[in-house]
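Reader: I'm in my first year and still learning how to look at a protein model. Could you take me slowly through a single part of this one?

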Amino acid sequence: MKLSYKWLGEYVDLSGITPEMLAEKMTTAGLEVEGIEPLAQAEGLCIGEVMECADVEGTHLHKTQTRVGEKTYQIICGAPSGRKGLKVIVALPGAKLPGGTIEAKPLHGLESNGMLCALFELGVDRKALRQDQIDGIEELPADAPVGETDVLGYLGLDDTILDVSLTPNRADCSAMWNMAKEVGAILHRQVKWPDYEGKADIGTDTDFQINLKTDKCSCYYGKV
């Protein structure tokens with residue numbers, strides 16, 4: 001069971017309890033935590049806007065002019081999805097990513113002052129991403145605040161994942177609510193449903209249907 005520390009905190013108060021402390025208490029209680037890792041990891045990121053984007057002749061690269069705050073930087077980008085007007089994750093020189101520290105260096109003889117990032121380059125598991133997110137840089141919403149430096153917080157990626165090994169008799173703990181109840185019992189803290197007002201209103205209409213034909217199953221819901 002991959003347990004999101006941040007998501008769990010919506011059900012039970014984790015104040016004063018670090019992921020490491022929680023892992024120790026859960027393991028002692030019989031829910032063995034085999035690993036702890038950040039959902040993403042990077043330092044020195046910011047949100048930028050691509051002001052200009054031009055193909056580099058003879059290559060698959062794009063030469064962009066990317067605005068970050070009051071400054072504009074020339075950054076060479078190899079992703080096919082790069083284009084003018086896009087809000088992007090920018091790693092300027094000195095930023096630290098799982099693959100190393102970003103440096104200003106020329107590409108094909110062109111000055112490049114940083115990197116436009118895909119989520120997997122921040123350490124996000126590729127299995128959690130769509131194919132277009134793997135193939136190109138991350139496309140942020142049009143209202144993403146240019147200059148924002150808490151990028152992981154803005155994206156909801158400032159989280160820690162606990163890898164919990166469940167024994168065959170505890171398949172019920174594959175559900176977040178049930179895991180929250182276990183953690184509440186371990187910590188002697190109240191467990192409650194998070195605020196879900198209006199959460200079902202997002203999305204668009206669909207023709208997907210569910211037909212319930214099992215007499216002893218009184219209720220079954222699905223959502224696209």
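Author: Let's look at how two helices meet, and then at some charged pairs elsewhere in the chain.

Please keep in mind that this is a predicted model. The chain has a mean pLDDT of 93, and 100% of its residues reach 70 or more. Confidence is highest in helix H2, residues 19-28, with a mean of 97. Its lowest value belongs to helix H3, residues 131-135, with a mean of 92.

Start with H2 and its partner, helix H5, which covers residues 176-187. Their axes come within 10 Å and cross at roughly 90°. Angles from 65 to 115 degrees count as roughly perpendicular, so H2 is roughly perpendicular to H5.

Which residues of the two helices meet? From H2 come Leu-22, Lys-25 and Met-26. On the H5 side you will find Met-179, Val-183, Ile-186 and Leu-187. Sorted by type, the residues of this contact are 6 nonpolar, no polar and 1 charged.

Now for the charged pairs. Side chains of opposite charge can pair when their charged atoms come close. How many salt bridges does the structure hold? There are 7, and three of them make a good tour.

One joins the side chains of Glu-49 and Arg-67, at 2.9 Å from N to O. This pair links distant parts of the chain, since Glu-49 sits in strand S3 (residues 43-55) and Arg-67 in strand S4 (residues 62-68), 18 residues apart. Is Glu-49 buried or exposed? Its relative accessible area is 18%, and buried means under 20%, so Glu-49 counts as buried. Arg-67, with 27%, is partly exposed.

Another salt bridge pairs Asp-132 with Arg-130, and their closest N and O atoms are 2.9 Å apart. Asp-132 is partly exposed, with a relative accessible area of 46%.

Finally, find Arg-170 and Asp-172, whose side chains meet in a salt bridge at 2.9 Å, N to O. Arg-170 has a relative accessibility of 21% and counts as partly exposed. Asp-172 is also partly exposed, with 34%. This pair has company: salt bridges that share partners join Arg-170, Asp-172 and Glu-182 into one network.

To retrace the tour on screen, begin where H2 crosses H5 at roughly 90°, then look for the pair Glu-49 and Arg-67, and end at the network of Arg-170, Asp-172 and Glu-182.

Key. Residues are numbered from 1 along each chain as its sequence is written. This is a predicted model: local features need pLDDT of at least 70, side-chain atom pairs count only at pLDDT 80 or more; totals for chains, interfaces and linings use all residues. Side-chain values use heavy atoms; hydrogens and water are left out. pLDDT is the predictor's confidence in each residue, from 0 to 100. Helices (H or I, at least four residues) and strands (E, at least two) are DSSP runs, numbered from the N terminus. Axes are lines fitted to C-alpha atoms, for helices over the stretch in contact, and angles run from 0 to 180 degrees between N-to-C directions. Angles under 35 degrees count as roughly parallel, over 145 as roughly antiparallel, 65 to 115 as roughly perpendicular and the rest as oblique. Contact means heavy atoms within 4.5 Å. Ala, Val, Leu, Ile, Met, Phe, Trp, Tyr, Cys and Pro count as nonpolar, Asp, Glu, Lys and Arg as charged, and the others, Gly among them, as polar. A salt bridge is a side-chain nitrogen of Lys or Arg within 4 Å of a carboxyl oxygen of Asp or Glu. Buried means under 20% relative accessible area, exposed over 50%, partly exposed in between (1.4 Å probe, protein chains only).
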